[in-house]
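Please look over the sequence and the model below before reading on. The briefing is meant to be read with both at hand.

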Amino acid sequence: MASGDGVERLTHPIFAAYIGDYPEQVLVTCCITGYCPRCTIPRQQVGENTEPHPLRNLRSILEALQMTDQGAAAFVKACREAGIKPVFEPFWANLPYSNIYLTITPDVLHQLYQGVFKHLKTWVIEAHHGAHEIDARCRWLPPNHNICIFMKGISSLSRVSGHEHGQMSHFLLGLIVDTPLPGGMSSVCLVRCLRGLLDFLFLAQYPVHSTTTLELMSSALNRFHANKNIFVDLEICSDFHIPKIHFLNHYVKTVTLFGTFDNFNTEYTECLHIDLAKDAYRASNRKDEYSQMMLWLKRKEKVMRHDAFFSWIHSGEHPPLRTYWIRPGFNTLRPLKMTKHPSVPSVRITDVVRLYGATFFDAALSRFIVQLKYPHFSGRCLDDEVHCQPAPRQ
Ligand SMILES: [Zn+2]
């Protein structure tokens, strides 16, 4: 890998963070849907404001996964007792220095915007006499440069993106702050609950954290949990057993382990997901789509390279200093560095072999000259003709 100073080093990456939405987290950790992919919290406590539970026991899970040679029934039973699905050889089982349950990271886009905030927005709309009142208030917002105005309201939108939820988070509290609740119920708890979550949401996106900001995050989360029962009182929902709500309790600890959340926000890779997965899927006929998607991407890449090549030809610029060459038998591009001003003006061929250690130079030069003169000759004929050795590994 090339580091920041341009030096290439042999590296041994360690699996430290797995970034994904809840279904992907459940899939990769072999957990059961509805449970936390990270800790041992019981299903009935998911969504409550509890102290952090201990991580899942990796050692006992690995022992259960090694029961495959004891028969299918014993393997399934061992996995069930360890709290996971019976999966044959998950990829992380033999990775050194890594714990899959520790690598599950928070995700601002899917957990906060497309998860908890989305739920809360729906509950808030339902609490205020349905969509009519909230949509009308959306239209009354004065035009400005910072907030997107939803002229059709926010309740009838389908497939709301994370960006749109981000826009809604800017004004939702302002819309409901003086709205009465049905039955003359006080709206104090609802406002506190929403404010607690919004504070948490904005604090979580700080690019730098300190002990103070982490305490503020914990306090905001406590306010959210302390007041969320208003939605049960209003009979909008019956419980909060939602894993994404529970995962907010892991946020503060994760900052101390891995740093701020901009390190593992899926928002940054989501644009590539559109280009490389969604657009490619739409170009297929939706049947046996994988091979069609790969072909479509390959063609698109070729067209782009062709286009770049011709724009370089027509630009009349010098060729780039850094030339790329393809090593025979390898499909990877490697940079070949050439010196601009050679230190020696000329060298005898015998000296190339004797002083510079280019043992196969003679044979390689013969091969090059013959190939240049007779380009239709096959490699085997050339080898016989010039008696050269296999191409050197240089
Ligand atoms: Zn948990």
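The points below are grouped by topic, beginning with the metal site.

The model is a predicted one. In it, a zinc ion is held by C36, C39, H246 and H250, and the structure holds nine salt bridges. A buried arginine without a salt bridge, R38, is treated on its own, as are two non-glycine residues with positive phi, Y97 and D288.

**The zinc site**

- The protein donors of the zinc ion are the SG atoms of C36 and C39 together with the NE2 atoms of H246 and H250, and these atoms lie 2.0 to 2.2 Å from the ion.
- The angles among the four donor atoms run from 104 to 113°, and the site is tetrahedral; the geometry counts as such because all angles lie between 85 and 135 degrees.
- Along the sequence the donor residues follow the spacing C-x2-C-x206-H-x3-H, so that the pattern has 206 residues between the second cysteine and the first histidine.
- Of the two histidine donors, H246 has a relative accessibility of 3% and therefore counts as buried, while H250 is likewise buried, with a relative accessible area of 6%.

**R38, a buried arginine**

- R38 is found in the loop between α1 (22-29) and α2 (58-65).
- R38 is buried yet has no salt bridge, and the nearest side chain of opposite charge, that of D107, is 13 Å away; a salt bridge would need a carboxyl oxygen of Asp or Glu within 4 Å of a side-chain nitrogen.
- Polar partners are nevertheless present, since a polar atom of the R38 side chain lies 2.8 Å from the backbone oxygen of I104, and a polar contact of 3.5 Å joins the side chains of R38 and T254.
- Leaving aside residues up to four places away in sequence, R38 touches L55, R56, Y101, L102, I104, F247, H250, T254 and L257; H250, one of these, is also a donor of the zinc ion.

**Salt bridges**

- Side chains of opposite charge can pair when their charged atoms come close.
- K244 forms a salt bridge with D21, with the closest N and O atoms 3.4 Å apart. K244 lies in helix α11 (residues 243-247) and D21 in the segment before α1, so this pair ties together parts that are 223 residues apart in sequence.
- Both partners of that bridge, K244 and D21, are buried.
- D199 and R195 meet in a salt bridge of 3.7 Å, N to O, and both lie in helix α8 (residues 188-204), four residues apart, or about one turn of the helix.
- D199, at 22% relative accessibility, counts as partly exposed, and R195, at 45%, also counts as partly exposed.
- D351 and R354 meet in a salt bridge of 3.1 Å, N to O; because they are three residues apart in helix α15 (residues 349-356), about one helical turn separates them.
- The two ends of this bridge fall into separate classes, with D351 counted as buried at 19% relative accessibility and R354 counted as exposed at 60%.
- E133, R137 and D178 are linked in a network of salt bridges.

**V255 and its surroundings**

- V255 is found in helix α12 (residues 251-258) and counts as buried, with a relative accessibility of 10%.
- The C-alpha atoms of V255 and V208 are separated by 9.8 Å, although the two residues are 47 residues apart along the chain.
- Not counting residues up to four places away in sequence, V255 touches H209, L214 and F261.

**Positive phi outside glycine**

- Y97, a residue other than glycine, has a positive phi near 55°; the place of Y97 is in the loop between α3 (72-82) and α4 (100-103), and Y97 is exposed, with a relative accessible area of 75%.
- D288, also a residue other than glycine, has a positive phi near 50°; D288 is found in the loop between α13 (267-283) and α14 (289-315), and D288 is exposed, with a relative accessible area of 62%.

Key: Residues are numbered from 1 along each chain as its sequence is written. This is a predicted model: local features need pLDDT of at least 70, side-chain atom pairs count only at pLDDT 80 or more; totals for chains, interfaces and linings use all residues. Side-chain values use heavy atoms; hydrogens and water are left out. Donors are N, O and S atoms within 2.8 Å of the metal (3.2 Å for Na, K and Ca); water is not among the atoms, so sites may look incomplete. Four donors count as tetrahedral if all angles lie between 85 and 135 degrees; four count as square planar and six as octahedral if opposite donors are over 155 degrees apart and all others between 65 and 115; anything else is irregular. Buried means under 20% relative accessible area, exposed over 50%, partly exposed in between (1.4 Å probe, protein chains only). Helices (H or I, at least four residues) and strands (E, at least two) are DSSP runs, numbered from the N terminus. Lys and Arg count as positive and Asp and Glu as negative; His and the chain ends are not counted. A polar contact is a pair of N or O atoms within 3.5 Å; within protein, one must be able to donate a hydrogen and the other to accept it, and residues adjacent in sequence count only if both atoms are side-chain atoms. Contact means heavy atoms within 4.5 Å.
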